[in-house]
Amino acid sequence: MDAVPYLAFVSAIAGLGLAAYFFQIVKKASPGSDRMIFLMTEIQNGAKAFLKQEYTWVAGFGVVMAVLIGAVIAPLAALTYLLGAILSGLAGYVGMTVATMANARTTEAAKTGPGPALAVAFRGGAVMGFSVAGLALAGLTFVYILFVLVLKVDQAFEIVTAYGLGASTIALFSRVGGGIYTKAADVGADLVGKIEAGIPEDDPRNPATIADNVGDNVGDVAGMGADLFESYAGSIIAPISLVAFALALSADQATDTTNISLLMFPIAIAFVGMIASIIGSFLVKGGTSTDSKALSKALHLGTNSAMAITVVATIGIALWLFGGNDQFENPIGLAISVIGGLLAGWALGKTAEFYTSDHFSPVKKIANQAETGPATTILAGISAGMISVAASVGLILLGIGIAFWGGELAFDSIGSLDGGIYGIAVAAIGMLATTGVVVSVDAYGPIADNAGGIAEMAGLDSSVREVTDALDSLGNTTAAVAKGFAVGSAALTALALFKSFEFAIIQNGGTLNLDVGNVDVFIGLFVGAALPFLFAALTIDAVGRAAQEMIEEVRRQFREIPGLREGVEGVHPDSARCVEISTTASLKEMVIPGALAVVVPLVVGFIDVDALGGMLAGALVTGFALAIFMANAGGAWDNAKKYIEAGAHGGKGSEPHKAAVVGDTVGDPFKDTSGPAMNILLKVMTIVSLVFASAFV
C-alpha cells in the first residue's frame with residue numbers, strides 16, 4: 001500500500017516517455033514543400049512569441065500569489081504553488097511546440113489519405129496528452145512523497161493543495177488569454193474574408209489567416225493543456241484533501257490503515273488510468289475513408305479501450321485497498337463510485353457529440369435555419385445549447401447519485417468523513433483517470449485544423465483539403481467531448497473541495513453556516529450566481545474588442561495593398577501586424593477576468609465566511625450550466641457551418657453559408673474562450689477558498 005505513490009510516479013514517467021516517443025515519430029515525418037515549411041515556421045514563431053509574453057505576464061501574478069501564500073499559509077506551500085504553476089505552463093508549451101510541428105506533417109500525410117493523416121495528428125496530440133497527464137501526476141506524487149511521506153511536515157496537506165492552486169492559476173490565464181487571442185483572429189478572418197471579400201477560409205490573401213492558425217495552438221492546445229492539467233491534478237487533490245481535513249490526519253497517524261487506504265485510492269486510480277491510457281493510445285489507427293463516422297470510430301477506440309481497462313482495474317484496486325478492513329462494509333461500493341464518475345463523463349461527452357456533430361438533428365436544424373438568415377441561425381444555436389444543459393445536468397446528477405450511493409455502500413462514515421461525499425470526490429478522478437488519451441484526442445483537433453489551413457495557403461490539390469476538412473470536423477466534436485469531461489469533473493471536484501473548505505474552517509476554530517435563510521449566505525448565493533455571467537461577459541467583450549481591431553486591420557490591408565484582394569502574384573499581406581494585434585489585445589484583456597477568480601473569494605472570505613460559502617454554491621450551479629451551454633452552442637454553430645460548406649443548403653458562398661458564418665463567429669468565444677474557462681473559474685474560486693481557509697478565521 002505504501003508503494004502506491006511511487007508506482008503512480010513511475011507510471012507518470014512512463015507517460016512522459018511515451019510523449020517523447022511520439023514526439024520522435026512526428027518529428028521524422030515529412031513536413032512537405034518549402035512553402036509548407038515556411039507556413040509551419042511562421043505559425044511556430046507566432047505561437048512561441050505569444051506564450052513567451054503570456055508567461056512573462058502571468059509570472060508576475062504568480063510571484064505575488066506565492067509571496068501571499070508563503071506569508072499567510074506556509075513557506076513550503078509557496079514552493080508547491082510555484083511547482084504546480086511551472087509544470088502546468090511547461091505542459092502547455094511542450095504541447096504547443098509539437099502541435100506546430102505536426103500541422104504541416106499532417107497536411108503532407110493527407111496527400112496519401114485520411115489514415116496516415118489521422119495517425120500523425122493523433123500522435124501530435126498524444127504528445128500533449130501524455131505531457132499533461134505525466135507532468136501533473138509526476139509533480140503531485142513528488143510533492144506527496146516528499147512532504148507527507150518523507151519529511152512529514154506540519155500542514156502537509158495544505159502544502160499539497162497549494163500545488164493544485166498553482167496549476168489553476170496558469171490554467172485560468174492560459175485559457176482566457178489564449179482563447180481571446182485565437183477568437184479575435186478567427187472572427188476577424190471569417191467576417192472580412194468569407195463574407196466581405198468572398199474568399200475561402202485560410203486563403204493566403206487574408207492577413208488574419210496566420211494569426212488564426214497561431215491562435216489554434218495557443219488557445220486550443222496550450223490553453224486546453226493547462227486546463228486539463230489543472231482539472232486532472234485537482235481531481236486527485238480533492239479526495240485527498242477531503243480525507244485529510246475530515247479526519248485531521250497528521251504525520252504521526254500515517255500508520256492508520258484505514259486513513260492510508262482512503263488517501264491512496266485516488267492515487268491508485270490515477271496510476272491505473274495512466275497505464276490504461278498508454279495502452280489505449282496504441283490502438284488508434286486510421287483507415288482509408290474520409291467519412292467522419294469511420295474516423296470517429298478509429299479515434300475513439302483508444303479512449304473506449306482505456307476506459308474499459310480502468311473499469312476492470314478499479315474493481316481490483318478497491319478490493320485490494322479496502323477488502324478485509326472491518327470499517328468498509330462493501331469495498332466494491334467505492335469502485336462503483338469511480339466507475340459511475342467515468343461513465344457520467346463518457347455520457348456527457350456523448351451528449352456533447354449529439355449536440356455538436358453534423359450527423360445528428362441539432363446541427364442539421366441550425367443549418368436549415370440558416371436558410372432564413374443569421375438571426376434564425378443564432379436562435380437555433382442558442383436553443384440547442386440550452387437544451388443540452390438540461391440533458392447534461394440530468395447526467396451529472398445521475399453520476400452524483402451513483403457515486404454517493406457507492407460511497408454509502410462502502411461505509412456510512414469514518415470520523416467526520418461521510419462515505420457518500422467521499423464517493424462523489426473519487427468519482428471526479430474516475431471521470432479524468434484516462435486524461436492522457438482524452439487530451440490526445442482533444443489536441444488532435446487543432447492540429448487537423450492547422451493542417452487544413454496550410455493546405456489552403458500552400459495551394460495544394462482540393463483532395464488534400466477534403467481529407468483535412470473531414471479530420472477538422474471530427475476535431476470540433478472531440479473538443480466538445482473533452483470539454484464535457486472537464487466541466488463534469490469541475491462540478492464533482494468543486495463539491496469535494498467545498499466540503500474540504502467546510503472542514504478546514506471548522507478545524508481552525510471557525511464555523512460555517514450554509515442555511516439559505518441566513519442573510520449573509522443568501523447574499524453570497526446571489527453574488528456567486530452572478531459571477532459566472534460577469535466572467536463570461538468580460539471575456540466575450542474582450543474577444544469583441546480584439547476582433548473589432550482585427551477586422552479594421554484586415555479591411556485596411558485589402559483596401560491599401562494593391563492587388564492583395566485580387567491575388568496578384570508576389571503581393572503578400574502583412575500577417576505580422578495581425579499577429580501583433582491578437583497578442584497585445586489578449587494579454588491586456590486577460591488580466592481583469594483572470595484576477596476576478598482569485599480576488600473575489602479572498603475579499604468575500606475575509607469579510608464573512610458564510611457569505612463565501614453561499615457564493616461558492618451559487619457560482620457552481622450557474623457556472624456549470626453556462627459552461628455546458630456555451631461549449632455546445634458554439635460547437636453546434638461551427639459544425640453547422642462546416643455541414644453547409646460540405647455541400648448542404650447551397651454550399652460555400654451561398655446566403656445560408658454567410659448566415660452560418662455569422663453564427664460560427666458568435667459561437668467562437670462561446671466554445672473556445674468563455675465556456676472552457678468557466679470550469680477553471682469554479683475550481684480556482686473553491687481552491688483559493690480552501691488554501692486560505694485558516695487565514696479567514
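User: What makes Phe411 count as buried?

Analyst: This is a predicted model, and in it Phe411 has a relative accessible area of 1%. Buried means under 20%, so Phe411 qualifies.

User: And why is Phe328 called buried?

Analyst: Same reasoning: its relative accessibility is 4%, and the cut-off is under 20%, so Phe328 is buried as well.

User: How do you know that the rings of Phe328 and Phe411 are edge-to-face rather than stacked?

Analyst: You need two values, since a pair of aromatic rings is described by the distance of the centres and the angle of the planes. For Phe328 and Phe411 the centres are 5.5 Å apart, and the planes sit at 90°. Pairing asks for centres within 6.5 Å, and edge-to-face asks for planes over 60 degrees apart, so this pair is edge-to-face.

User: What does that pair tie together?

Analyst: Parts of the chain that are 83 residues apart in sequence, because Phe328 lies in the loop between helix 8 and helix 9 (332-356), while Phe411 lies in the loop between helix 11 (374-410) and strand 1 (413-414).

User: Which other rings belong to that cluster?

Analyst: Ring pairs link Phe328 and Phe411 with Phe265, Phe322 and Tyr422. In total, the structure holds 17 aromatic pairs. Take Phe265 and Phe322: their ring centres are 5.2 Å apart with planes at 70°, and that angle is over 60 degrees, so they are edge-to-face. Phe265 sits in helix 7 (residues 257-281) and Phe322 in helix 8 (residues 292-322), 57 residues apart. Both Phe265 and Phe322 are buried.

User: Which residues touch the most other members of the largest nonpolar core?

Analyst: Tyr232, Leu262 and Phe265, out of 234 residues in that core. Helix 6 (residues 209-247) gives the most to it, with 22 residues. Leaving aside neighbours within four places in sequence, Leu262 is in contact with several residues, among them Phe322, Phe328, Phe411 and Tyr422.

User: What makes Asp672 buried, and which side chains does it contact?

Analyst: Asp672 has a relative accessible area of 5%; that is under 20%, so it counts as buried. Asp672 lies in helix 19 (residues 655-691). Its side chain makes a polar contact of 3.0 Å with that of Lys183 and another of 2.6 Å with that of Lys671. Both distances are within 3.5 Å, so they fit the cut-off.

User: Why is Lys152 called partly exposed?

Analyst: Its relative accessible area is 44%. Buried would need under 20% and exposed over 50%, so Lys152 falls in between. Lys152 is in the loop between helix 4 (114-150) and helix 5 (156-197), and its phi is near 50°, a positive value in a residue other than glycine.

User: How about His649: what makes it partly exposed?

Analyst: His649 has 25% relative accessibility, which lies between the 20% and 50% limits, so partly exposed is the right label. His649 is in the loop between helix 18 (609-645) and helix 19. His649 also has a positive phi, about 55°, although it is not a glycine.

User: How do you know that the protein is as compact as a globular protein of its length?

Analyst: The protein has 20 helices and 2 strands. Its radius of gyration is 24 Å, close to the 26 Å that the globule rule gives for 697 residues, so it is as compact as a globular protein of that length. Buried residues make up 65% of those 697 residues.

Definitions and conventions: Residues are numbered from 1 along each chain as its sequence is written. This is a predicted model: local features need pLDDT of at least 70, side-chain atom pairs count only at pLDDT 80 or more; totals for chains, interfaces and linings use all residues. Side-chain values use heavy atoms; hydrogens and water are left out. Helices (H or I, at least four residues) and strands (E, at least two) are DSSP runs, numbered from the N terminus. Buried means under 20% relative accessible area, exposed over 50%, partly exposed in between (1.4 Å probe, protein chains only). A polar contact is a pair of N or O atoms within 3.5 Å; within protein, one must be able to donate a hydrogen and the other to accept it, and residues adjacent in sequence count only if both atoms are side-chain atoms. Rings of Phe, Tyr and Trp (its six-membered ring) pair if their centres lie within 6.5 Å; planes under 30 degrees apart count as stacked, over 60 as edge-to-face and the rest as tilted. The radius of gyration is taken over C-alpha atoms; the globule rule is 2.2 Å times the number of residues to the power 0.38. A nonpolar core is a set of buried Ala, Val, Leu, Ile, Met, Phe, Trp, Tyr and Cys residues joined through side-chain atoms within 4.5 Å. Contact means heavy atoms within 4.5 Å.
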